[in-house]
Amino acid sequence: MAGCAPKQQTLYEWEGYQPSIYSYFVPSKHDVQAQIATLEKTIEKAQAKGTRAAPGMHAHLALLYFSLGRDEDGIGHLVTEKQLFPESATFINFLIEKQGQF
């Protein structure tokens, strides 16, 4: 009977997030543009479904944008992370302040 039960909907959209983090830390798979595309697609999918991207996804995307010198895009994603997950505000504010020092 359990096999016939409808699939439980998750609270957040995780698709592409974990593989992106893995590829960030494996030098042979570190393609920043591909990771950005994957995460942006996942965020769009979450918005289309009416859910949120997983906690930390916007912050990771900001890190990727910073690595390309796209600081304005990075800051925008940090602000989004803080809005979606207010409990991260202290850490996100720290990251924003640190980014301004470089």
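Which residues does Leu-64 touch, not counting residues up to four places away in sequence? In this predicted model, the contacts of Leu-64 comprise Ser-20, Tyr-24, Val-32, Gln-35, Ile-36 and Leu-39. Leu-64 also belongs to the largest nonpolar core, a set of 13 residues. Ile-36, Leu-39, Met-57, Leu-61 and Leu-64 are the residues with the most contacts inside this core. At least two core residues come from each of the helices α2 (32-49) and α3 (57-67).

Among the contacts of Leu-64 is Ser-20, a residue of helix α1 (residues 17-25). Ser-20 is classed as buried because its relative accessibility is 3%, where the cut-off for burial is under 20%. The side chain of Ser-20 is joined to that of Gln-35 by a polar contact of 3.5 Å. When residues up to four places away in sequence are not counted, Ser-20 touches Gln-35, Leu-39, His-60 and Leu-64. Gln-35 and Leu-39 are likewise touched by Leu-64.

The largest pocket encloses about 170 Å³ of space. Its lining consists of 10 residues, of which Leu-63, Phe-66, Leu-78, Leu-95 and Gln-99 are the closest to the pocket centre. By residue class, the lining comprises seven nonpolar, two polar and one charged. Helices α3 and α5 (89-100) each contribute at least two residues to this lining, and α3 gives the most, with five residues. Helix α3 thus supplies residues both to the largest nonpolar core and to the lining of the largest pocket.

Note on methods
Residues are numbered from 1 along each chain as its sequence is written. This is a predicted model: local features need pLDDT of at least 70, side-chain atom pairs count only at pLDDT 80 or more; totals for chains, interfaces and linings use all residues. Side-chain values use heavy atoms; hydrogens and water are left out. A nonpolar core is a set of buried Ala, Val, Leu, Ile, Met, Phe, Trp, Tyr and Cys residues joined through side-chain atoms within 4.5 Å. Buried means under 20% relative accessible area, exposed over 50%, partly exposed in between (1.4 Å probe, protein chains only). Helices (H or I, at least four residues) and strands (E, at least two) are DSSP runs, numbered from the N terminus. Contact means heavy atoms within 4.5 Å. On a 1 Å grid over the protein atoms alone, a cavity is a set of points where a 1.4 Å probe fits but cannot get out, and a pocket is an open set with protein on both sides within 12 Å along at least five of seven lines; lining residues have an atom within 4 Å of a point. Grid points are joined across faces, edges and corners, and a volume is the space filled by probe spheres set on the points. Ala, Val, Leu, Ile, Met, Phe, Trp, Tyr, Cys and Pro count as nonpolar, Asp, Glu, Lys and Arg as charged, and the others, Gly among them, as polar. A polar contact is a pair of N or O atoms within 3.5 Å; within protein, one must be able to donate a hydrogen and the other to accept it, and residues adjacent in sequence count only if both atoms are side-chain atoms.
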